[in-house]
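Colleague: Got a minute to go through this model with me? I'd like to start with how the chains pack.

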Amino acid sequence: MFPHLAAGAVSEVSTVTNEANWLLENAWLIALLPAISFVLILFFGKKMPFKGAEFGITAVSISFILAILTGAAWMDHRDNFTLDTYGEKAAVLVDDGAGSAVDSVTLAVGTAAEATDGDGQAYVAVQKTTQWLQSGGVEFNAGIMVDGLSVMMLFVVTMISLLVHIYSTDYVGGDRRYTHFFAFLSLFTASMLFFVLSDNILQMIVGWELVGVCSFALIGHWWEEKPNSDAALKAFITNRVGDVGLLVGMITLFFAAGKGMTFDTITINENILQGGVSHTALVVAAACLTIAVMSKSGQFVLHTWLPDAMAGPTPVSALIHAATMVVAGIYMVARLFPVFWEGMQIEGSSINFLATVGAVTLVGAGLLAFVQDDIKKVLAYSTVSQLGYMAMALGVGAWTAAVFHLFTHAFFKANLFLGSGSVAHAVHSFDMKKDMGGMRKFMPKTYVTFVIGSLALAGLFPLAGFWSKDEILVNTGGWGILGGSGSAPGSYTFHFVMGMIGAALTAAYMTRCVYLTFHGEYRGGHHDDHADDHADDHGHHGEPHESGPRILYPLYILSAFSILVGFVNFPPGFLAGSKKDPAGWQERFLHFIEPAGSSYFPAVGHATPSWWLAIVASLVAVAGAGAAFTYYFVKVDRLAKRTGEHLVGLPNGVTTTNAFARAGHKLLVNKYYLDHLYTGIIAGGTKGPIAKAAYWVNQNVLDGTVDGAGRTAVQSGKLVYEKIDQGVVDGAINASGRTSDAIGEELRHINTGRVQNYAAIMFAGAAILAGAFVLLLAF
Amino acid sequence: MQLLAQVSSETDLYVAQNIFFAVIAVTMIYAAFRVVTTANVVHAALWLVVVLAGVAVQFLFLGAEFVAVTQVLVYIGAVIVLFLFGVMLTRASMGDDETVAGEKRAMAAIVGVLLFAVMAMALVDSFEDTRVDIDQPQGVTEVSDAIFSQYIVPFEAVSVLLLAALIGAIVVARKD
Amino acid sequence: MLLNQFLLLSAVLFCLGVYGVLARKNGMLVLMSVELILNAVNINLVAFGAFRTDVGGSVFALFTIAVAAAEVGIGLAIVLLMYRNRRSIDLTQADLLKG
């Protein structure tokens, strides 16, 4: 507990400064560099010796170095920022920690508050804003906001992006649109950095959409093949659904929390926390923004685009899934956390929309990952599942845990994706069952990195995933008998259970994936005429071989990070530091990232983890892995050795013998039939029956009215046809009757495909509606 | 037009204006009718000129001088020329358009009449004999002040739209 | 003058435009009918602007003119493309939307 927080919950003044270290003030450079690189590649890329890749790599490298320096500057700022450092330019507000009156000094340049956290040091965000334009009294600003969250994202995005750039020079080498690929990688990186640095919601919307456009272009990189361009379109259109939520949510925020005056994120958050913002408006905003998260971050039921997005080149998948695009939704929730905190009343509750969406996603996608044969799709569903963890964590109020999981997940998921790309590069396929197996003999280095990534994802001690997953589980507050302590924001038992199930599932499907890819006998190499969609010039399809250094080194680096990054946030009570520095490595991440005690962040409680919980969670993961291990490594392997066949499963496993299991398997293979629901029922319904119904109304009700006859009933369709066709009115009415002798037959002719007919229906419908309004208002 | 406006503010009858209005309005309606019924594409474009000019005169009646001038410049000057180019480039029969199926015409006529009925009903019902008095024509200064202060954002949006349309038209129409 | 005389004139032009859009087969003629509709809207905007002595009506009429110019540009490009691909600008032949 933080008594000082409970007492002085939200300070009355902004904990924001606009005077700080040069690096923090100029963080926009980090986003600008890749943007410049995009333009350079576009115009000069093809003429350069490395076809434009050098621009991208140089720009992102510099950005990466700047991001590291900015991180260091932020740590210094976090620990040492005082008003003295920046003299009289920044203002100081002293909060004595007991919630007593604050002595406010406001100077022209801005306001900063000294609210203390456990270390007695204020968390002061840095914001630099310039006015873009002003209209009708509303200022439209452009600016950057730098605090722990954005600094962390800068580091993750630039690092993953740099590694992906390097990896891509080999992976897409020789591709026909190599230069374009790098141009869009740069733009993608720039968009995400722009989004992360936004200091107002308008800018966030722009960044959000830019990221969407870039992902569209990159997923459809090989658009000549229909499935790829379909996948790109699907990603784009599904995201449009969520964007409606985003727009409505942001507009609601602008009017409710921004008082119709400002788009500024910090001000909006402060207004919410200080109360006085309509709760109803916040509920609406939170629900709408959750829908936006559902599409962008691939939560149920709008996640369907994400596995299809695997049609893009593998480095892009790594970038989309680890650092950009899908984490945009999570980042947005983290940035606007007070909206959810207040709107969904996270504190003291045990269920809410966001957390439940996350929990369902986490288990649902984990199950789906079991039935995928495509290695990238396994990883895609795994990402969906892990994003479910993050959304759930945010929903239960475990802000730091969610952000920490985002951080660790970025490294091991990038590792896994790039590893799968390395394997696919060797066998020219993504199909684990047909073309892989036994790869550890051919690619020992990739194998080791992939296993490290898998273990980290499965959350085994002491790899990165363990720490972040454990922290999420602890902070659900639903541990009951497992003996956690501290003050989790709520008691989300259901979500805790789902989290546990998810941990077991994750471990199990990764075991399956590792077995099918790397163990057993090599099943590929027998069809040399395999469709080669990399357009690379290797030309030899003999034995697969280990990838080159530009693919391997990124894998090594990411593996190292997958092992180590968990150590930045040791829970309290674990490996206490030296006497000089008692905190040691404990909760460093929390200290630097979470804006505890600042004016724009709610006073979120933290649970203290227990050994029991950590052990039980690990056991659950091990049990999941063990079950899959027994099945594949022991049973299948033994049978395969005995029969000498290439096996990917037991011939009479449970799915073939048990009807219930078979039904479940079918449900999973069909991805819960969600795609059927969208294309067949919703889209088909709109195009088919609803359009038909509209036309029927037009033909029967409207024309009937014009005709002055009451021949509008369904049953009298035949009658209508006859009477009209007998020549009462020639024309539109006639058109419907000409070619058919029954009304049902007639209805099939609505889909003439002629725009003008549709337009006629639309205009007539509008006229009728307007007429109805006029009549309603008149009487 | 300023002269007319002054006359009208003194006499309450607006006789001259109303007669003038009626003449223009009838001309416009007839011309518009010809635009949508004539079989000759070039004739239709020329009838459209008459309608557009009539609209410009209506703007003058309403005191919107700048809009009237823009109407003449942009529409009659540019848009019509564009249309005539389009007619030539598509080599659409300079003569008669093939007759349109009767059924479609009837359908369109029904929709049109229905729309008009609804609108007329609503207009007559809500505005009855509300008067619109134009004492002073709108100055260009006023309009430009409004555009560049209050309506600056829509103005910028329109600029971007025009640019996008420019690029779009090139992309759509270029040969390759 | 009555406000309604302008509004009704505009309504007539609008409905004639709608008729043209729906009944014409030739792409060029459809575009011309669209111009009729847009002009009807403009009369409405300016009439209401004058009625409320608000300059906003004129401003938006100007915007409409700009948008109409863009629309004609794009529309003609599409008609040209259609002509190039099909040697005809008969809209009744464009029925790829058929489901």
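Modeller: Sure. Buried area here is the accessible area (1.4 Å probe) that two parts lose on being put together, summed over both. This is a predicted model, so local features need pLDDT of at least 70 and side-chain atom pairs count only at pLDDT 80 or more, while totals for chains, interfaces and linings use all residues. Residues are numbered from 1 along each chain as its sequence is written, chains are lettered from A and ligands numbered from 1 in the order in which they are written, and side-chain values use heavy atoms, with hydrogens and water left out.

Colleague: OK, how much area do chain C and chain B bury between them?

Modeller: About 6,800 Å², with 78% of it on carbon and sulfur atoms. On chain C's part, Met1(C), Tyr19(C) and Met32(C) supply 12%, more than any other three residues.

Colleague: How many salt bridges between chain C and chain B?

Modeller: Zero, taking a side-chain nitrogen of Lys or Arg within 4 Å of a carboxyl oxygen of Asp or Glu.

Colleague: And which helix gives the largest share of chain C's side?

Modeller: Helix 3 of chain C, with 24 residues; helices are DSSP runs (H or I, at least four residues), numbered from the N terminus.

Colleague: Switching topic: what does Met332(A) touch?

Modeller: Leaving out residues up to four places away in sequence, its contacts (heavy atoms within 4.5 Å) include Phe195(A), Trp208(A) and Met250(A).

Colleague: How many residues of chain C are in contact with chain B, by the way?

Modeller: 68, and they meet 82 residues of chain B.

Conventions
Helix = DSSP H or I, 4+ residues; strand = E, 2+ residues; numbered from the N terminus.
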